[in-house]
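Please open the model in your viewer and keep the sequence panel beside it. We will go from one selection to the next, and at each stop you can look at what is there before reading on.

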Amino acid sequence: MNAIQKSEAIKSSLRKGFQDGSSKMARRKCYGYEVGSDGKLVVNPDEAKVVCWIFEQYLAGDSLGKIAAGLERQGIPSPTGKPRWNREAIDKLLSNEKYTGRVLLQKTLSIGAVQIENNGLMERYLYTGSHEAIISDEMFIAVQQKKLKRTKNSEKIIAMKPTF
(Lines give C-alpha, C1' and ligand atoms only; values in the text may rest on other atoms or scores of the structure.)
Protein backbone atom coordinates (compact mmCIF):
# COMPACT_ATOMS: atom_id res chain seq x y z
CA MET A 1 0.00 0.00 0.00
CA ASN A 2 1.53 3.32 -1.05
CA ALA A 3 1.26 6.57 0.94
CA ILE A 4 -1.74 7.88 -1.05
CA GLN A 5 -3.69 4.64 -0.61
CA LYS A 6 -2.88 4.59 3.10
CA SER A 7 -4.03 8.20 3.48
CA GLU A 8 -7.31 7.45 1.69
CA ALA A 9 -7.88 4.36 3.87
CA ILE A 10 -7.40 6.45 7.03
CA LYS A 11 -9.77 9.16 5.77
CA SER A 12 -12.35 6.53 4.86
CA SER A 13 -12.12 4.97 8.32
CA LEU A 14 -12.54 8.37 9.98
CA ARG A 15 -15.62 9.16 7.88
CA LYS A 16 -17.16 5.77 8.72
CA GLY A 17 -16.74 6.60 12.42
CA PHE A 18 -18.37 10.01 11.86
CA GLN A 19 -21.33 8.37 10.11
CA ASP A 20 -22.02 5.57 12.58
CA GLY A 21 -21.35 7.62 15.72
CA SER A 22 -18.32 5.64 16.85
CA SER A 23 -15.74 8.36 16.24
CA LYS A 24 -13.43 9.08 19.15
CA MET A 25 -13.06 12.60 17.74
CA ALA A 26 -16.42 13.44 19.33
CA ARG A 27 -14.91 12.74 22.74
CA ARG A 28 -11.76 14.78 22.19
CA LYS A 29 -11.01 16.84 25.30
CA CYS A 30 -11.11 20.61 25.13
CA TYR A 31 -10.71 23.33 27.75
CA GLY A 32 -13.61 23.12 30.20
CA TYR A 33 -13.92 19.35 29.98
CA GLU A 34 -12.13 16.23 31.17
CA VAL A 35 -12.45 12.70 29.88
CA GLY A 36 -14.28 10.56 32.43
CA SER A 37 -13.49 6.95 33.32
CA ASP A 38 -16.16 5.87 30.80
CA GLY A 39 -14.40 7.81 28.01
CA LYS A 40 -17.09 10.50 27.85
CA LEU A 41 -16.58 14.22 28.34
CA VAL A 42 -17.42 15.60 31.79
CA VAL A 43 -17.40 19.24 32.86
CA ASN A 44 -14.35 20.51 34.73
CA PRO A 45 -16.08 23.02 37.08
CA ASP A 46 -13.12 25.40 37.46
CA GLU A 47 -12.41 25.58 33.73
CA ALA A 48 -16.15 25.81 32.95
CA LYS A 49 -16.31 29.03 35.03
CA VAL A 50 -13.51 30.45 32.89
CA VAL A 51 -15.31 29.42 29.67
CA CYS A 52 -18.49 31.18 30.87
CA TRP A 53 -16.49 34.26 31.85
CA ILE A 54 -14.87 34.43 28.40
CA PHE A 55 -18.25 34.20 26.64
CA GLU A 56 -19.76 36.82 28.97
CA GLN A 57 -16.86 39.24 28.51
CA TYR A 58 -17.04 38.93 24.74
CA LEU A 59 -20.77 39.64 24.79
CA ALA A 60 -20.10 42.62 27.06
CA GLY A 61 -17.94 44.06 24.29
CA ASP A 62 -14.42 43.10 25.36
CA SER A 63 -11.90 42.41 22.60
CA LEU A 64 -9.97 39.16 22.41
CA GLY A 65 -6.89 41.04 23.66
CA LYS A 66 -8.74 42.51 26.61
CA ILE A 67 -10.10 39.07 27.54
CA ALA A 68 -6.57 37.61 27.31
CA ALA A 69 -5.25 40.38 29.57
CA GLY A 70 -8.06 39.76 32.07
CA LEU A 71 -7.25 36.06 32.22
CA GLU A 72 -3.58 36.81 32.77
CA ARG A 73 -4.43 39.37 35.48
CA GLN A 74 -6.49 36.69 37.26
CA GLY A 75 -3.59 34.23 37.01
CA ILE A 76 -5.57 31.75 34.90
CA PRO A 77 -3.21 29.66 32.75
CA SER A 78 -4.02 28.98 29.11
CA PRO A 79 -5.27 25.55 27.95
CA THR A 80 -1.64 24.65 27.23
CA GLY A 81 -0.57 25.71 30.75
CA LYS A 82 1.18 28.91 29.70
CA PRO A 83 0.66 32.04 31.82
CA ARG A 84 -0.64 33.98 28.81
CA TRP A 85 -3.64 33.28 26.63
CA ASN A 86 -3.43 34.32 23.00
CA ARG A 87 -6.20 35.83 20.88
CA GLU A 88 -6.36 32.77 18.62
CA ALA A 89 -7.05 30.41 21.55
CA ILE A 90 -9.85 32.66 22.79
CA ASP A 91 -11.30 33.01 19.28
CA LYS A 92 -11.31 29.22 18.81
CA LEU A 93 -12.89 28.72 22.23
CA LEU A 94 -15.66 31.19 21.33
CA SER A 95 -16.31 29.28 18.07
CA ASN A 96 -16.40 25.80 19.58
CA GLU A 97 -19.92 24.35 19.53
CA LYS A 98 -18.74 21.69 22.00
CA TYR A 99 -19.60 24.12 24.81
CA THR A 100 -23.31 23.75 23.87
CA GLY A 101 -23.21 19.98 24.40
CA ARG A 102 -22.84 19.26 20.68
CA VAL A 103 -19.95 18.13 18.53
CA LEU A 104 -19.60 19.03 14.86
CA LEU A 105 -17.21 16.75 12.99
CA GLN A 106 -15.50 17.23 9.64
CA LYS A 107 -15.32 21.03 9.98
CA THR A 108 -12.08 20.93 8.01
CA LEU A 109 -10.70 18.84 5.19
CA SER A 110 -7.13 17.84 4.39
CA ILE A 111 -6.11 18.47 0.82
CA GLY A 112 -2.60 17.11 0.59
CA ALA A 113 -0.68 18.79 3.41
CA VAL A 114 -3.14 21.70 3.65
CA GLN A 115 -6.21 21.88 5.87
CA ILE A 116 -9.14 23.92 4.59
CA GLU A 117 -12.53 24.83 6.04
CA ASN A 118 -15.32 22.48 4.95
CA ASN A 119 -17.87 24.87 3.49
CA GLY A 120 -20.11 22.23 1.96
CA LEU A 121 -17.51 20.22 0.08
CA MET A 122 -18.29 17.16 2.22
CA GLU A 123 -20.96 16.21 4.70
CA ARG A 124 -20.46 17.35 8.30
CA TYR A 125 -21.74 15.35 11.27
CA LEU A 126 -23.44 16.93 14.28
CA TYR A 127 -23.68 14.85 17.45
CA THR A 128 -26.16 16.11 20.03
CA GLY A 129 -26.52 15.18 23.67
CA SER A 130 -23.08 13.60 23.79
CA HIS A 131 -22.02 15.58 26.87
CA GLU A 132 -23.18 18.30 29.26
CA ALA A 133 -23.29 21.87 27.96
CA ILE A 134 -21.32 24.65 29.63
CA ILE A 135 -23.09 27.52 27.89
CA SER A 136 -26.57 27.97 26.50
CA ASP A 137 -27.48 27.80 22.82
CA GLU A 138 -28.61 31.41 23.06
CA MET A 139 -25.25 32.60 24.39
CA PHE A 140 -23.36 30.65 21.74
CA ILE A 141 -25.50 32.08 18.93
CA ALA A 142 -25.22 35.61 20.34
CA VAL A 143 -21.42 35.31 20.38
CA GLN A 144 -21.33 33.97 16.79
CA GLN A 145 -23.52 36.88 15.65
CA LYS A 146 -21.32 39.39 17.47
CA LYS A 147 -18.22 37.82 15.93
CA LEU A 148 -19.76 38.23 12.47
CA LYS A 149 -20.52 41.89 13.15
CA ARG A 150 -16.97 42.50 14.35
CA THR A 151 -15.21 40.68 11.51
CA LYS A 152 -13.87 42.47 8.47
CA ASN A 153 -15.17 39.66 6.26
CA SER A 154 -18.89 39.86 7.10
CA GLU A 155 -19.74 37.19 4.50
CA LYS A 156 -18.12 34.52 6.67
CA ILE A 157 -20.37 31.52 7.42
CA ILE A 158 -21.19 30.43 10.98
CA ALA A 159 -19.84 26.90 11.57
CA MET A 160 -23.01 25.74 13.29
CA LYS A 161 -26.20 27.32 12.05
CA PRO A 162 -28.84 27.82 14.75
CA THR A 163 -31.21 24.98 13.84
CA PHE A 164 -32.05 23.90 17.33
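What follows is a short tour of a predicted model, taken one selection at a time.

**Helix 3**

Begin by selecting residues 64–73, which make up helix 3, and colour its buried residues, namely Leu64, Gly65, Ile67, Ala68, Gly70 and Leu71. While that selection is still on the screen, recall that an α-helix has 3.6 residues a turn, so residues three or four places apart point the same way. Now show helix 2 (45–59) and helix 4 (87–95) as well, since both are among what covers the buried residues of helix 3. Just after helix 3, pause at glycine 75, where phi is positive, at about 75°.

**The largest nonpolar core**

Next, select Ile54, Phe55, Trp85, Ile90 and Tyr99, which, of the 25 residues in the largest nonpolar core, touch the most other members. Helix 2, helix 3, helix 4 and helix 5 (137–150) are the elements that each give two or more residues to this core, and the largest share, six residues, comes from helix 2. Keep phenylalanine 55 selected and, setting aside residues up to four places away in sequence, you will find that phenylalanine 55 touches Leu93, Leu94, Tyr99, Ile135, Met139, Phe140 and Val143.

**Cysteine 52**

Move along helix 2 to cysteine 52. Is this residue buried or partly exposed? Cysteine 52 has a relative accessible area of 22% and therefore counts as partly exposed, because buried means under 20%. Apart from its neighbours within four places in sequence, cysteine 52 is in contact with Ile134 and Ile135.

**Aromatic rings**

How many aromatic pairs does the structure hold? There are three, and two of them are worth a stop on this tour. Select tyrosine 31 and tryptophan 85, whose rings meet edge-to-face, with 5.2 Å centre to centre and 85° between the planes. Tyrosine 31 lies in the loop between helix 1 (3–20) and strand 1 (33–35), whereas tryptophan 85 lies in the loop between helix 3 and helix 4, 54 residues apart. Then select tyrosine 33 and tyrosine 99, a stacked pair with 6.1 Å centre to centre and 20° between the planes. This pair also links distant parts of the chain, as tyrosine 33 is in strand 1 and tyrosine 99 is in the loop between helix 4 and strand 3 (102–105), 66 residues apart. Add Phe55 to the selection, and you have one aromatic cluster of Tyr33, Phe55 and Tyr99.

**Last stop**

Finally, select arginine 150 and tyrosine 58, where the charged end of the arginine sits over the tyrosine ring, 4.1 Å from its centre.

Key
Residues numbered from 1 in each chain as written. Predicted model: local features only at pLDDT ≥ 70, side-chain atom pairs only at ≥ 80, totals over all residues. Heavy atoms only, no water. Buried < 20%, exposed > 50% of the residue type's maximum accessible area, 1.4 Å probe, protein only. Helix = DSSP H or I, 4+ residues; strand = E, 2+ residues; numbered from the N terminus. Contact = heavy atoms within 4.5 Å. Core = buried A, V, L, I, M, F, W, Y, C linked by side-chain atoms within 4.5 Å. Phe/Tyr/Trp six-rings, centres within 6.5 Å; stacked < 30°, edge-to-face > 60°. Lys NZ or Arg CZ within 6 Å of the ring centre and 35° of its normal.
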